[in-house]
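Me: I'd like to practise reading strands, helices and burial on a model. Could you walk me through one?

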Amino acid sequence: MKTDIAKPDIDFLREKAGTLRVEILRMLTEAGSGHTGGSLSAADIVTALYFYKMNHKPENPAWRDRDRFILSKGHAAPVLYAALALSGYFDRSLLKTLRKIGSPLQGHPCSKKLPGIEISTGSLGQGLSIANGIAMGLKIDGLPSRVYCLLGDGETQEGQVWEAAMTASHYKLDNLCAIIDNNGLQIDGHCCNVMCIEPLVQKWEAFGWNVIDIKGHDMEAIVRALDEAGTVKSKPTMIVARTIKGKGVSFFEGKVEYHGLAPTAEELEKALKELV
């Protein structure tokens with residue numbers, strides 16, 4: 001379902017990102033558990049992918065020529081579920097079942113239970129390796145499809161990420177675009193205090209990637225970066241998206257405690273007044 005808009009409709013995408021945030025908060029509040037901060041910080045990126053950039057068919061999730069999306073930071077599943085529902089992969093009412101027994105909307109994405117999920121994720125550090133394998137397979141099969149992989153910044157402390165970084169560069173995977181949701185916070189606090197990951201741009205460049213450094217809530221910048229990634233030859237692209245944990249709700253923004261804390265009913269009511 002790549003948009004048929006000749007040029008990106010930025011206002012449309014901004015509005016859609018706002019709707020994703022509303023659905024994220026509603027499903028988390030209903031569930032009473034889940035990851036608020038990192039789902040909200042990734043909403044603009046995921047919106048640009050699903051409603052502008054990616055070729056996909058909600059009515060045919062297994063379409064051979066589809067672009068693939070890997071949510072390496074699988075704990076941010078609510079943002080992916082919201083995008084899939086709003087794209088038409090399943091009925092929007094299913095979002096209310098997040099994390100409930102028997103629901104296909106598990107705490108982390110499960111490819112065996114929900115259409116549109118390419119691979120089960122959540123064990124941090126593995127998504128980029130999976131994306132590499134898919135990108136290689138697409139090249140071998142001669143398919144024009146692209147692979148997009150969203151990582152968390154704390155996740156890049158994992159050694160496997162850097163093995164995958166070398167691999168993608170070595171095999172010249174120019175059909176791969178990775179994005180880091182660089183909100184500066186992880187479950188144990190500030191990334192710079194837990195294990196400093198900067199300078200991200202220079203590190204990925206040193207590993208042979210085309211690197212684009214953007215403000216991760218600037219929809220125009222996100223769209224430009226995704227478009228640029230599609231023009232790069234012989235190397236993968238990394239988009240370092242500078243984001244804010246909990247973006248969109250003033251009392252969630254920049255708060256590490258909301259990494260894995262769902263809103264209360266009172267917080268939801270207050271948050272919706274800011275978003276709607």
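Me: Let's begin with strand pairing. Which residue of β7 does I212 stand opposite?

Reply: I212 stands opposite I239 in β7. Keep in mind that this is a predicted model. The pair belongs to a longer match: strand β6 (residues 210–215) runs parallel to β7, and 6 bridges join them.

Me: Which way do β3 and β7 run relative to each other, parallel or antiparallel?

Reply: Parallel, with 6 bridges between strand β3 (residues 176–182) and β7. For a landmark there, look at N182, which has R242 of β7 opposite.

Me: How should I think about side chains along a strand?

Reply: As a rule, side chains in a regular strand alternate between the two faces of the sheet. For β7 (residues 237–242), look at burial too: 5 of its 6 residues are buried, so the cut-off of under 20% relative accessible area is met by most of the strand.

Me: What do β6, α9 and β7 make together?

Reply: They make a β-α-β unit, and a right-handed one. A good residue to click on in its helix is A229, which sits in α9 (residues 219–229).

Me: Is A229 buried or exposed?

Reply: Buried, because its relative accessibility is 0%. Setting aside neighbours within four places in sequence, A229 has contacts with R146, C177, I212 and T237. I212 is the residue we met opposite I239. For a sense of distance, A229 and L20 are 209 residues apart in sequence, and their C-alpha atoms are 24 Å apart in space.

Me: L20 is in the contact between α1 and α3, right? How do the axes of those helices cross?

Reply: The axes of α1 (residues 10–31) and α3 (residues 43–53) come within 9 Å and cross at roughly 120°. That angle is why the two helices count as oblique to each other. On the α1 side the contact is made by F12, L13, K16, A17, L20 and R21, and on the α3 side by A43, D44, V46, T47, F51 and Y52. As for handedness, α1 passes α3 in a right-handed crossing.

Me: Now a loop residue. Where does K73 lie, and is K73 buried or exposed?

Reply: K73 lies in the loop between β1 (68–71) and α4 (77–87). K73 counts as buried because its relative accessibility is 3%. Beyond four places in sequence, the contacts of K73 are G38, S41, A42, L124, L150, L151, G152, E155 and D181.

Conventions:
Residues are numbered from 1 along each chain as its sequence is written. This is a predicted model: local features need pLDDT of at least 70, side-chain atom pairs count only at pLDDT 80 or more; totals for chains, interfaces and linings use all residues. Side-chain values use heavy atoms; hydrogens and water are left out. Helices (H or I, at least four residues) and strands (E, at least two) are DSSP runs, numbered from the N terminus. Buried means under 20% relative accessible area, exposed over 50%, partly exposed in between (1.4 Å probe, protein chains only). Contact means heavy atoms within 4.5 Å. Two strands pair if DSSP finds at least two bridges between them. A crossover is right-handed if, with the strands pointing away from the viewer, the path from the first strand over the helix to the second runs clockwise. Axes are lines fitted to C-alpha atoms, for helices over the stretch in contact, and angles run from 0 to 180 degrees between N-to-C directions. Angles under 35 degrees count as roughly parallel, over 145 as roughly antiparallel, 65 to 115 as roughly perpendicular and the rest as oblique. A crossing is left-handed if the near helix is turned anticlockwise from the far one by less than a right angle, and right-handed if clockwise.
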